[in-house]
Amino acid sequence: MKTIHYPEGNVLLRNLSKAYPVCTHGKGVNLFDTQGKKYFDASGGALVTNLGHGNEELAAAIFEQIKKVAYVNGTQFTTQIMEDAAALLAEKAAPLGLNKVALLSSGSEAVEAAIKFARQLWVDRGFPNKHKLISRTPGYHGNTLYALSASGRPHYKKVYGPLISSVLTVSAPYGYRAPFTQSTETYDEILTEYHAKGADYYAQELETLIEKEGARTISAFIFEPVSGSSTGAWVPPQGYFKRVQEICKKNDILMIADEVMCGAGRTGKFFASEHYGLKPDIAVLGKGINAGMLPASAVMVKQSDVDQMKRASGGFMHAQTYMQVPSLAATVHAVLKFLNTHAVLEKSHAVSEYWLQELKRNILPLHYVGCVTGIGHMAGVEFVQDKTTRAPFPISKKFAAKFAQHAQDQGIILWPNYGQADGVNGDLIIMGPSLLMTKPEADECIGLLKNAIETFNI
Ligand SMILES: Cc1ncc(COP(=O)(O)O)c(C=O)c1O
């Protein structure tokens with residue numbers, strides 16, 4: 001089998017026009033197909049495989065648990081592995097002050113559970129009018145219907161309009177397209193302006209919205225501490241979260257940090273929130289806490305809030321079949337233990353600094369490249385038609401999708417995204433290689449990306 005192209009086979013393929021290579025195995029940063037072709041997985045799929053492919057230590061630990069007991073229902077039992085996984089997560093979440101864990105499967109599910117937790121908490125505290133959610137545009141929180149409603153991606157919602165719930169939105173920090181950076185010219189000037197003016201600009205927008213809607217009706221504010229594929233890994237401007245935290249506190253609005261993409265060590269700290277001294281009321285993890293082994297996600301909350309629920313309604317009213325499941329707990333436990341025993345974050349720092357610096361040096365000057373952003377092992381590259389005016393390509397060109405396909409043909413896997421410039425147009429790719437990537441592999445990654453850009457013609 002060389003490739004699969006719709007309508008071959010019985011899989012409902014994600015893209016009905018693409019010829020899919022058939023992946024046989026992976027090792028470290030590389031994937032291989034049936035033709036023996038090697039691919040550098042620079043995006044870890046969708047920023048999932050944080051600890052590389054073919055990680056035998058993780059596989060063995062998970063297998064051991066599955067042999068003992070793979071599944072019990074969270075209403076009937078807890079298990080030692082679940083207790084151990086939760087204890088390790090609580091240790092990591094100590095700087096955020098969160099210590100109770102609901103283990104679920106996907107990021108979308110965990111986001112939905114987090115939003116429900118916030119809402120129930122307000123009912124249990126005696127404020128049933130607090131139900132509205134504020135999210136940011138561009139932003140992404142998942143593809144189930146409420147998580148999609150909360151996602152600032154207008155183009156994803158088009159078809160599902162009648163099923164989408166109303167959610168309030170403010171702008172996500174995004175220096176390249178922020179109105180107050182448009183008169184600057186160089187990339188360094190954009191960054192200077194962004195960090196000088198960003199916190200005030202975005203805080204003002206949030207305050208205005210809260211005033212208009214009435215704090216007494218708002219339950220929570222959901223955000224990605226470091227934006228993921230929606231903006232291409234833009235970090236917040238200096239002082240942003242200090243202001244946002246003050247505003248939420250003053251108005252009794254709960255903060256939900258969606259760390260599905262930026263958490264689990266992706267940005268160099270276990271929680272991206274830690275970079276900004278952020279203490280959210282609820283944090284959501286996914287992707288990296290399972291490293292692609294089995295689909296595990298987590299909602300983390302404060303014991304004092306759970307105590308409140310116990311007193312008022314008895315407990316969190318949320319139930320899913322795959323909640324607190326031993327096989328998924330074993331996955332999270334194995335990943336966290338691996339991070340600890342191999343001092344992954346401590347060691348990954350030098351490589352990520354080098355990788356980001358070399359990415360900027362090598363990729364920013366290339367044609368089509370508007371900006372290169374990132375933190376830790378997470379980087380974005382935005383493509384534009386005109387580097388001076390920052391004009392994006394029209395969406396009809398399908399730049400991001402075609403470029404990612406070209407890059408895959410050239411042997412590097414990237415995660416494309418589009419629509420971020422104005423809700424319709426805009427093209428970027430995001431990268432999130434294994435945290436175990438070596439310096440020579442970082443060079444290889446940059447070389448492959450550079451080659452893909454230089455050989456691409458739209
Ligand atoms: C920030 C963020 N939240 C939530 C999700 C949804 O996670 P999942 O695709 O596992 O449902 C994603 C997925 O990309 C994400 O990046």
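Begin the tour at Leu364, which you will find in the loop that connects helix 11 (344–363) with strand 13 (369–375); keep in mind throughout that this is a predicted model. With Leu364 selected, is the residue buried, exposed or partly exposed? Leu364 counts as partly exposed, because 14 other C-beta atoms lie within 10 Å, while a residue is called buried at 20 or more and exposed at 12 or fewer. Next, display the contacts of Leu364, leaving aside residues up to four places away in sequence, and you will see that Leu364 touches Tyr187, Val369 and Val372. Then add Lys450 to the selection: Leu364 and Lys450 are 86 residues apart in sequence, and their C-alpha atoms are 9.9 Å apart in space.

From here, move to helix 8, which spans residues 240–250. Select Tyr240, Phe241, Val244 and Cys248, and you will have in view residues of helix 8 that are buried. Why do these four lie on the same side of helix 8? They do so because they cover an arc of only 80 degrees around the axis. Turn to the other side of helix 8, and there Glu246 and Lys250 are exposed. To see what covers the buried residues of helix 8, show the neighbouring elements, which include helix 7 (187–213), strand 9 (218–223) and strand 10 (254–258). Before leaving this region, step to Asp252, which follows helix 8 and has a positive phi, near 55 degrees.

The following stop is an open sheet of four strands, in which the order is 3-4-5-15 and the pairing is mixed. Select strand 3 (23–27) and strand 15 (412–413), which stand at the edges of the sheet; each has a single partner strand, so one side of each is left without a neighbour in the sheet. As a general point, strands of a sheet pair through backbone hydrogen bonds, either parallel or antiparallel. Now colour strand 4 (residues 30–33) and strand 5 (residues 38–41), which run antiparallel and are joined by three bridges. For one residue pair to look at in detail, centre the view on Phe32, whose bridge partner in strand 5 is Lys38.

Finally, select the ligand and the 14 residues that surround it, of which the closest are Ser106, Gly107, Ser108, Gly142 and Val260. Which element gives the largest share of this shell? Helix 4 (residues 107–124) does, with three residues. If you colour the shell around the ligand by residue character, its residues divide into five nonpolar, seven polar and two charged.

Definitions and conventions:
Residues are numbered from 1 along each chain as its sequence is written. This is a predicted model: local features need pLDDT of at least 70, side-chain atom pairs count only at pLDDT 80 or more; totals for chains, interfaces and linings use all residues. Two strands pair if DSSP finds at least two bridges between them. Helices (H or I, at least four residues) and strands (E, at least two) are DSSP runs, numbered from the N terminus. The arc is that of the directions from the helix axis to the C-beta atoms. Two residues are in contact if their C-beta atoms, placed from the backbone, lie within 7 Å. A residue is near a molecule or strand if its C-beta atom, placed from the backbone, lies within 6 Å of it. Ala, Val, Leu, Ile, Met, Phe, Trp, Tyr, Cys and Pro count as nonpolar, Asp, Glu, Lys and Arg as charged, and the others, Gly among them, as polar.
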